[in-house]
Amino acid sequence: MKFFIRRAVFYVITAWAAVTLNFFIPRLLPGDPVQSLLSRYQGNIDVNAVKSLRVLFGLDSQKPLWQQYFDYFGQLFHGDLGISLQSFPTPVSEIIGQSLPWTIGLVGMSTIIAFVLGTLLGIVLGWHRGTKWDALIPLTTFFSSVPYFWIALIAIAVFGVNLGWFPLSGSYSPDVMPGLNMSFIASVCYYSFLPALTIVISSIAGWILGMRNMIVTVSSEDYVTVAQAKGLPESDVMFHYAARNAILPQISGFALSLGFVVSGTLVMEQVFSYQGIGYRLLQATSNNDYPLMQGIFLIITFSVLIANILADIVYALLDPRTRKEA
Amino acid sequence: MAQVAVQATETLKPAVRKHFVFLRNTKSIVGLAIFGFFLVVGLIGPWIAPYSPDKVSTAASEPPSAIHWLGTTQTGQDIFSQLLVGTRGVMVVSISTGIIATFIAAAIGVTSGFLGGMWDEMLSMFTNIFLVIPGLPLIIIIMGMMKEAGVGAIVLIISLTGWAWGARVLRSQTMSLRSRDFVEASRANGETRFRTIFFEILPNLTAILASTFIGTVTASIMSLVTLSYIGVIPPSDWSWGTVLYWAQNSGAFTQGLWWWYAPAGLCVALVGMSLALINFGIDEFVNPRLRNTGMNAAELKKRKIYPRIGFTPVVQKAASKSRLKTVHSSVSNSRLVASERNNDGK
Amino acid sequence: MENKPSFEAEPALTINNLSVDYGFTDDAVHALRNVNLTLHKGEVLGLAGESGCGKSTLVYAATRLLPPPGLITSGEVWVTGDDGKQYNLLALNDRQLRRERWVDTAIVFQGALNSLNPVYKVGYQIKDAIKVHRPKWSAARREERAEELMDMVGIAHDRLNAYPHQLSGGMRQRVMIAMALALEPKVLIMDEPTTALDVVMQRQIVQQIMELRQKLGFAVIFITHDISLLIEIADRIAIMYAGEIIEDGKAMELYRQARHPYTKGLIGSFPPLHGARKELGGIPGSPPDLADLPQGCPFMARCAYARPECASYDVALQPTGLPQDSVGHTVACQLFVELQKDGVPLPTGLVNS
């Protein structure tokens with residue numbers, strides 16, 4: 001239980017910290033970009049929307065800071081993230097609602113695939129250290145050393161432009177009707193294949209190397225030698241003794257580096273013009289759509305936190321030591 | 001008690017303690033050499049660049065040639081010069097970020113690990129928060145709101161979002177050092193915390209500090225290149241990312257101008273790999289279990305040695321290697337028989 | 001202690017000329033050099049020596065469990081199988097070795113905490129070995145056997161469903177013993193099984209092992225640095241120094257009539273079992289660097305009886321040659337045979353007990 005309470009406290013505080021960061025950033029930065037934007041849209045904006053933006057960006061300077069802070073939280077609890085300036089006057093929450101499923105589908109799926117595949121390969125590499133499998137290490141190091149978006153660009157150049165196997169951009173073919181029909185789903189899969197492949201290729205290296213090192217480290221634990229002394233089959237020792245223990249730090253590592261991985265994949269969406277959160281974020285940045293930028297940052301942070309909670313649950317299921325305190 | 005009896009455990013680990021200096025590790029040396037090369041380029045790049053990176057010419061979209069080693073852009077700019085000039089920006093930002101982030105990481109991680117208790121709880125919570133909050137989107141929104149950010153601001157922001165991982169590693173290492181004898185002794189001697197940290201703990205963290213530095217340098221190169229690629233950092237400051245920004249915006253990828261986009265990415269990859277290699281060396285230094293056994297796979301295979309847990313390889317050497325013993329044991333065997341006869345019973 | 005088997009008993013495990021290197025390169029450390037040792041059926045053999053003398057290395061190499069960069073460079077290890085036939089353990093392939101393991105020889109490791117897989121229940125860890133080696137047994141029969149084993153080591157059945165972290169240190173070590181006895185091995189190797197435990201617990205565990213040995217009749221190699229414990233429980237003791245066995249004999253004889261100067265020092269460094277308190281002495285100096293062994297006797301530098309000739313002789317175990325010692329009492333010291341042959345008298349300190 002102690003484990004869960006600690007984690008719960010951590011998540012609450014992290015969520016609070018993210019919101020607070022979001023509150024202070026526009027207030028601390030020089031200039032008043034939102035003010036100038038507001039004056040540009042003067043008269044076109046609904047009074048309520050103006051009020052909401054004032055709360056979000058601290059334009060009610062006559063109010064004391066703590067009052068602004070409380071108003072801000074109050075507004076967030078109602079799900080009001082302001083309105084987008086670029087797609088005026090759509091609420092930010094609506095834009096996020098539209099693009100989040102695409103990101104969760106693409107980034108979420110491919111990250112999980114990369115993690116599972118990378119971990120399995122890491123087991124093999126770690127277990128067969130000193131054999132020909134070692135040759136894979138320089139290759140994985142290379143892929144972990146290049147920026148994600150560059151691999152994406154190369155993938156487009158090779159598979160999209162030169163070979164013409166995959167579309168260069170977009171999330172589905174303009175010829176199909178979005179909805180729960182086969183041709184739409186097929187199109188989505190086809191369009192997401194290349195982005196997904198790039199995410200897997202560029203993020204898998206970290207999981208491979210991490211798991212390999214964990215396997216190597218765990219392999220010299222006594223219980224692995226005991227397992228060999230018992231004459232258990234190779235696969236038993238490898239999976240039930242070495243990998244089963246090495247996976248625990250691997251999962252904590254997964255949770256902690258998720259923020260980093262997600263950061264990298266967001267740019268990927270832009271490269272492929274894939275209509276997810278990352279694409280929207282970069283669009284918002286170049287269009288000075290501050291409410292949308294901030295809203296997206298919050299949502300990304302919360303998604304990473306939720307993914308962390310899931311990873312914690314998996315960890316707790318795998319490690320009996322977190323379940324019962326002796 | 002007798003000195004013989006005091007030691008309780010017998011170590012299974014070999015007594016070889018020669019490969020301790022991580023800089024002697026081959027991987028580290030190769031990594032350092034490559035990184036050193038880029039450092040030099042960063043230093044002299046702008047002076048040896050054959051053209052000004054901004055200078056347009058009529059030689060548009062030309063593939064690599066003797067005049068333009070890495071070809072030209074759509075507006076006839078020399079790509080090789082752009083990369084040479086851009087190296088400095090990458091090096092300056094990444095190294096200063098590395099220094100600042102490592103400093104923050106050390107301050108927070110070591111304090112947290114050394115003090116323990118409530119302080120540790122709070123500081124490691126703080127560290128984990130920074131670890132979990134996705135850094136790049138945060139940087140993007142800050143940069144997006146700031147506009148006109150100078151190099152200093154870029155360095156500061158990347159450092160502030162990139163220290164957490166190092167702090168985590170340093171914290172756990174400090175915790176394990178804290179309980180070692182020499183630190184206990186220093187504390188028992190009434191040394192101040194300050195002295196203990198600076199003279200007993202920090203010297204033993206050198207390897208971890210180095211790896212933290214390298215880790216943050218790597219991460220900041222990635223961040224910088226990504227940020228300038230998406231145009232959050234003004235594209236007038238040349239860096240490898242800027243080259244990619246222009247390449248993307250001019251459709252180099254769809255027109256097959258590979259010389260425009262490939263070299264910049266390869267530069268990032270090369271520097272990244274060099275840093276990874278240095279870190280491998282350090283990892284093997286810190287965690288002896290990761291260390292290779294001093295022989296490459298091919299040579300081991302030739303001798304039919306397959307090192308693994310639970311199946312010690314057996315390679316019967318020639319008898320000559322076993323010094324004089326075989327002779328002696330045969331002698332003593334015959335003696336044994338003889339003495340058996342003499343010593344019938346007791 | 002009363003019914004000690006005689007040394008003419010059949011061997012359960014014979015180690016011939018076993019040599020081990022650490023490291024695969026030319027600058028490897030020669031951790032074991034031509035070690036010969038025989039464990040007889042039903043016997044308790046104690047293996048003692050300073051830290052780093054190679055006693056653990058010896059048993060791990062003999063079972064081929066030595067981790068990299070360990071390398072066996074010579075030797076044979078003969079084990080008597082279930083069918084009574086002898087086989088060389090070092091010549092087996094992986095499959096044969098796996099089949100032999102835990103059935104003929106079992107090991108109890110040093111640290112009980114690290115010997116158990118933290119993520120599985122202890123019952124699972126006892127039964128997985130049974131499942132592999134007794135494939136025809138039903139789940140119920142495996143469960144029954146696991147309970148029987150828990151009874152043997154005096155732990156309640158419901159602890160089979162406990163995870164290692166839920167057990168105390170002593171209980172974990174008992175579980176390890178139960179696990180090792182699961183397939184009724186003929187040879188049980190115990191590598192400092194009580195190091196991590198408190199004194200009372202140590203006593204209980206050692207007692208239990210000895211009782212189980214009486215009942216089940218397996219042979220034991222018991223490794224410890226605590227030579228006074230060995231004198232109490234072992235039938236025979238072998239003393240190791242710098243990767244070699246330097247003395248081997250019946251327990252009480254070794255205690256009363258230690259011959260090797262090192263053994264004398266080792267025994268002198270422990271309080272006596274009975275009788276008057278005497279002053280404890282250590283052995284000055286430290287063991288030689290195995291990577292850079294001097295020629296001749298490795299103990300020479302620390303030996304009070306050393307003579308110039310010791311530097312040119314290579315040491316091998318041989319009978320002490322003294323009439324008051326029994327036949328099996330061997331010592332690796334040239335003072336006993338080689339030098340006497342040359343007319344050098346044995347120092348009185350070594351003859352007297």
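Two residues are counted as being in contact when they have heavy atoms within 4.5 Å. This is a predicted model, and the report below goes through the places where its chains, and the domains of chain C, meet.

**Chain C against chain A**

By that rule, 24 residues of chain C touch 24 residues of chain A. Together the two chains bury about 2300 Å², with 59% of this area on carbon and sulfur atoms. On the chain C side, C:Arg98, C:Val119 and C:His165 account for 26% of the area buried against chain A, more than any other three residues. C:Arg98 also takes part in a salt bridge, in which its side chain meets that of A:Glu234 at 2.4 Å, N to O; the count of salt bridges between these chains is 2.

There are also 12 residue pairs in polar contact between chain C and chain A, both residues being at pLDDT 80 or more. The helices α3 (112-115), α4 (122-133) and α6 (169-180) of chain C each bring at least two residues to this side, and α4(C) makes the largest share with 6 residues. Sorted by class, the side of chain C that touches chain A holds 13 nonpolar, 8 polar and 3 charged residues.

**Chain B against chain A**

Where chain B meets chain A, 54 residues of chain B are in contact with 63 residues of chain A, and about 5200 Å² is buried between them, of which carbon and sulfur atoms give 75%. The rule finds 1 salt bridge across this interface, and the side chains of B:Glu121 and A:Arg6 meet in a salt bridge at 3.3 Å, N to O. Polar contacts here come to 6 residue pairs, both residues at pLDDT 80 or more. Several helices of chain B give two or more residues to this side, among them α4 (117-132), α10 (206-229) and α13 (258-286); α13(B) gives the most, with 11 residues. The side of chain B that touches chain A is made up of 36 nonpolar, 11 polar and 7 charged residues.

**The two domains of chain C**

Chain C is itself divided into domain 1 (11-239) and domain 2 (242-351), whose C-alpha centres lie 29 Å apart. Their contact draws 25 residues from domain 1 and 26 residues from domain 2, and the area buried between them is about 2100 Å², of which carbon and sulfur atoms give 62%. C:Arg33, C:Ile231 and C:Ile239 supply 34% of what domain 1 buries against domain 2, more than any other three residues. C:Arg33 is also joined to C:Glu244 by a salt bridge between their side chains (3.0 Å, N to O). The strand β2 (29-40), the helix α8 (227-233) and the strand β9 (236-241) of chain C each give two or more residues to this side of domain 1, with β2(C) giving the most, 8 residues.

**Annotated spans of chain A**

An unreviewed UniProt entry places the feature "transmembrane region" at six spans of chain A, including residues 102-127 and 254-272, and the annotation "domain: ABC transmembrane type-1", also from an unreviewed entry, covers residues 100-311. The table sets out the computed make-up of these spans.

| Span of chain A | Helix | Strand | Distance between end C-alpha atoms |
|---|---|---|---|
| Residues 102-127 | 100% | 0% | 37 Å |
| Residues 254-272 | 95% | 0% | 25 Å |
| Residues 100-311 | 80% | 0% | 20 Å |

Definitions and conventions:
Residues numbered from 1 in each chain as written. Chains lettered and ligands numbered in written order. Predicted model: local features only at pLDDT ≥ 70, side-chain atom pairs only at ≥ 80, totals over all residues. Heavy atoms only, no water. Buried area = accessible area lost by both parts, 1.4 Å probe. Salt bridge = Lys/Arg side-chain N within 4 Å of Asp/Glu carboxyl O. Polar contact = N/O pair within 3.5 Å; in protein donor to acceptor, adjacent residues only side chain to side chain. Helix = DSSP H or I, 4+ residues; strand = E, 2+ residues; numbered from the N terminus. Nonpolar A, V, L, I, M, F, W, Y, C, P; charged D, E, K, R; others polar. UniProt positions renumbered as here; feature names shortened; annotations may be inferred. Domains from an automatic or database assignment.
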